[in-house]
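Biologist: Got a minute to walk me through this model? I'd like to go over a few bits of it before I head back to the bench.

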Amino acid sequence: MDLNNKIKEYVDLALKSNQVSPEYYNNYNVKRGLRNADGTGVLVGLTKIGDVHGYIVDENEKVPVKGRLRYRGIEIKDLTAGFQREGRFGFEETCFLILFGELPSKKQLQEFEEFLGESRTLPDGFKEDIILNTSSNNIMNKLARSVLAAYSFDEKAEDYSLQNVLFQCIQLIAWFPTIATYAYQAKSHYFDGKSLFMHRPDTSLSTAENILRMLRPDSSYTKLEAEMLDLMLILHAEHGGGNNSAFTVRVISSAMTDTYSVISAAIGSLKGARHGGANLKVLQMMEDISKNVDDVSDKEKLKEYLKKILNKEAFDKSGLIYGMGHAVYTLSDPRAVVLKRKAHELAEVKGMTEEFKMYKNIEALSNDVFKEVKGVTTDISANVDFYSGFVYTMLGIPSEMFTPLFAIARIPGWCAHRLEEIVGGGKIMRPAYKSIVKGKPYISLEERE
């Protein structure tokens, strides 16, 4: 049997049997992607963790407003400004806030930092057996498999008590940077032929410092670089229960399964190109623009090329200006506003102000281009992904680590949603699907064509 030809035949059968005409969704008022007709999300739950606000609804009309992101009620701009003003790292404090609902006291913060620091080292044999012996060329794949493998190292993996789940969550928050950086080093060695560097995590350093220390062969980094990465982690730590990966956590947690299965599924969701990989697409788009616009400082030339991108005539022909617009935010993404300021500071130090200026110009021009090409009347703004890839590039972080860093940042939010689902004692999630296939008679094998 020619398996390839047979698969092609099966593809035709699969297409025929699984296509649903869009008119059915309108006829039955089905919310595709759990979204209303105007793009707003269908309300399916309540949370105390994160608040994502980008518009108001006035007399059934969606009215754009400046974006707002709150962690446990605290504005993200106020949270990050506090760390920056005091000249310290803030991701660990943000983790505490997201998990427990309150900012920690000095003593609580010190104890939590020590807890994370002492938990960063992987169990005996984990690095060799789980990471090195079965390396992967995709770090997100390796991260997900490592989390599932961690089940075998936990004697209480099936203990769903709040105390045990909380311990598992904090342990995974501490392990993620170690697993991801080791997975990258293994990938670089076994797939790219580079020397193998495996630095032990330092219990006295922050999460951001440890990531840079374990990623770089010489373990060196500057305070500004660590502060920049720390900010990136904070800005990505939580984004409400409606984003795809957090909702995945909610759905699977509602089935009362183990923490490792839940978090690995969330990683699988974030790995998807529609969720966690947008900043890499922005970076690729910027490289394409730089190659095809002979003078990127010329705003008119930039504008004309952006029109080509939007008209599906340039870059990947998708018709998307990556990094512009958001499913919730309208007038502004508060994360992008905060990140942009710090990115400018780093660009000056790295001698990349011209590149930063190009980003700013494209951000400003995109709004007019959308109005001219698409005929939209509302403003469109840059989201956090627009600048994050540029920031990672300035930090010398390899592109393979972009989405894993997103996972490292987001696991506190995932864990908080798991805890809230467990404490709330909600029902197993079971939305309805309506069958549009009419009854058919069973035909015996001899009578089938």
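Modeller: Sure, one term to begin with: buried means under 20% relative accessible area, exposed means over 50%, and partly exposed is in between (1.4 Å probe, protein chains only). Also, this is a predicted model, where local features need pLDDT of at least 70, side-chain atom pairs count only at pLDDT 80 or more, and totals for chains, interfaces and linings use all residues. Residues are numbered from 1 along each chain as its sequence is written, and side-chain values use heavy atoms, with hydrogens and water left out.

Biologist: OK. How many disulfides does the search find?

Modeller: Zero in the whole structure, taking a disulfide as a pair of cysteine sulfur atoms within 2.5 Å.

Biologist: Why is there no bond from C415 to C169?

Modeller: Because the sulfur of C415 is 3.5 Å from the one in C169, its closest cysteine sulfur, and that's too far for a bond. C415 is buried, at 0% relative accessibility.

Biologist: And C95, buried or exposed?

Modeller: C95 counts as buried, at 1% relative accessibility. The closest cysteine sulfur to its own is in C415, 8.9 Å away, so that's too far as well.

Biologist: Switching topic: how many salt bridges are there?

Modeller: The count is 25, where a salt bridge is a side-chain nitrogen of Lys or Arg within 4 Å of a carboxyl oxygen of Asp or Glu.

Biologist: Which residue does E225 pair with?

Modeller: E225 bridges to K350, with the closest N and O atoms 2.5 Å apart. That pair links distant parts of the chain, 125 residues apart: E225 is in helix 10 and K350 in helix 15 (residues 334-350). Helices here are DSSP runs (H or I, at least four residues), as are strands (E, at least two), numbered from the N terminus. E225 is buried at 6%, while K350 is partly exposed at 34%.

Biologist: What about K223 and E227?

Modeller: Their side chains form a salt bridge too, 2.4 Å from N to O. Both sit in helix 10 (residues 223-235), four residues apart, about one turn of the helix. They also belong to a salt-bridge network with K342 and E345.

Biologist: Last one: where does helix 16 bend?

Modeller: At S366, by about 30°, which is the angle between axes fitted to the seven residues ending there and the seven starting there. S366 is one of the buried residues in helix 16, and F356, Y359 and F370 are also among them.
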